[in-house]
Amino acid sequence: MAAVQGHLSNGADGADGPDGADLADGDGTPPAFRHAVAGLCAVRPRPEVELSPTPPPRRLAPFSYALEAVVAADTAEDEDQDEELAEGRLILLHDPAGHDSWRGTFRLVTLVHADLEPEMAADPLLPEVCWSWLTGALEARGVSYRRPSGTVTRASSHYFGGIGEREPSTRIEIRASWTPGEPPGAPGRAERLRPERGAGPAAEAAGVPDTAAHLAAWCDLLCQIAGLPPAGAAEAGVVSLPQRRGPQPR
């Protein structure tokens, strides 16, 4: 799969910037944001995860970048027809001046949802379990994060009248956000906001979170909620998450 591309939004003028991470130094985009977006664009997820660009919100932060994903698997009945098991959206926000509620200059926001099998939907601890999948995915990838917050919503549907033959269904939705931690040894806020003139790429990247690892952890969460088994042999130092019971390809 080719490296993903996305959309940049500069909230100062309300206009979308160019696609992808190859931004000119003089376009007003902070170097730290360029490096963070480049990290996202370098990720190649497992084959079942389809990543694609989506327009980001324009008023949540001065700079934003968004991706959407679908987890799909071949159905047993038709190998040419993929079944969508889960889907979600991940947004990277950046405010160079910092944000009090974030306790940082970056914030990741996500929405993930999937339909569940009846057995899984009836679990009274389902919300707690789903939230643990999010934090567990981040911790399994060894990424630093702080100030996580969010909701887990379970919604059941029962059908009547002309569609009364349908089986009841349950949908789970995770809305969450967290502040990605900076790499160890990152400079202080004032130093990040006033880099030396002529600083090279390494200096520009100082203080930028490992967005590639955060995106990889998010893809792990999507696969977890979709009911997929861990992909092949785990990477060194990465703990496999507990496999959920559904939904499974039918």
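The following paragraphs describe the fold of a predicted model, its helix packing and several individual residues.

The protein chain holds 6 helices and 8 strands, and from the N terminus on these elements follow one another in the order β-β-α-β-β-β-β-α-α-β-β-α-α-α. Of the 250 residues in the protein chain, 42% count as buried. Among the contacts in the protein chain with a separation of 6 or more, 66% are accounted for by residues 24 or more positions apart.

Helix α6, which covers residues 211-226, takes part in two of the helix packings described here. This helix has 16 residues, and the distance from its first C-alpha to its last is 22 Å, close to the 22 Å expected at 1.5 Å a residue. Most of α6 is covered, with 14 of its 16 residues buried. The helix is followed by G227, a residue whose phi is positive, near 85°.

Helix α3 (residues 126-140) can be examined in the same way. Its 15 residues should span 21 Å at 1.5 Å a residue, and because its end C-alpha atoms are 20 Å apart, the model agrees with that expectation. The buried residues of α3 are L126, C130, W133, L134, T135, G136, A137, L138 and A140. Just after this helix, G142 adopts a positive phi of about 70°.

The packing of α3 against α6 occurs at an angle of about 140°, with the two axes 8 Å apart. Since angles over 145 degrees would be needed for a roughly antiparallel pair, this value makes α3 oblique to α6. The crossing of the two helices is right-handed. On the α3 side the contact is formed by W133, L134, A137 and L138, which meet H214, A217, D220, L221, Q224 and I225 in α6. Divided by class, the residues of this contact of α3 with α6 comprise 7 nonpolar, 2 polar and 1 charged. The α3 residues that take part, W133, L134, A137 and L138, are each among the buried residues of that helix.

Helix α1 (residues 31-41) also packs on α6, here at an angle of about 40° and with the axes 7 Å apart. An angle under 35 degrees would count as roughly parallel, and α1 and α6 are therefore oblique to each other. The crossing of α1 and α6 is again right-handed. In this packing, A36, G39 and L40 of α1 meet T211, A212 and L215 of α6. The contact of α1 with α6 has 4 nonpolar and 2 polar residues, and no charged ones.

Strand β8 (residues 169-180) contains I174, a residue that counts as buried because its relative accessibility is 0%, where buried requires a value under 20%. With neighbours within four places in sequence left aside, I174 is in contact with T110, L111, V112, C130, T151, V152, L221 and I225. Of these partners, C130 is a buried residue of α3, whereas L221 and I225 are α6 residues that α3 meets. The C-alpha atoms of I174 and L134 are 8.9 Å apart in space, although the two residues are 40 residues apart in sequence.

In the loop between α1 and β3 (49-53) lies E48, which is partly exposed, with a relative accessible area of 23%. When residues up to four places away in sequence are not counted, E48 touches V70, V71, A72 and L228. One of these partners, L228, is 180 residues apart from E48 along the chain, and the C-alpha atoms of the two are separated by 9.0 Å.

Two arginines have a positive phi. For R103, a residue other than glycine, phi is near 60°; this arginine lies in the loop between β5 (82-99) and β6 (104-116). R103 counts as exposed because its relative accessibility is 54%, the threshold for that class being over 50%. R147, likewise not a glycine, has a positive phi of about 50°. R147 is placed in strand β7 (residues 145-157), where it is partly exposed, with a relative accessible area of 39%.

Note on methods:
Residues are numbered from 1 along each chain as its sequence is written. This is a predicted model: local features need pLDDT of at least 70, side-chain atom pairs count only at pLDDT 80 or more; totals for chains, interfaces and linings use all residues. Side-chain values use heavy atoms; hydrogens and water are left out. Helices (H or I, at least four residues) and strands (E, at least two) are DSSP runs, numbered from the N terminus. The expected span of a helix is 1.5 Å times one less than its number of residues. Buried means under 20% relative accessible area, exposed over 50%, partly exposed in between (1.4 Å probe, protein chains only). Axes are lines fitted to C-alpha atoms, for helices over the stretch in contact, and angles run from 0 to 180 degrees between N-to-C directions. Angles under 35 degrees count as roughly parallel, over 145 as roughly antiparallel, 65 to 115 as roughly perpendicular and the rest as oblique. A crossing is left-handed if the near helix is turned anticlockwise from the far one by less than a right angle, and right-handed if clockwise. Contact means heavy atoms within 4.5 Å. Ala, Val, Leu, Ile, Met, Phe, Trp, Tyr, Cys and Pro count as nonpolar, Asp, Glu, Lys and Arg as charged, and the others, Gly among them, as polar.
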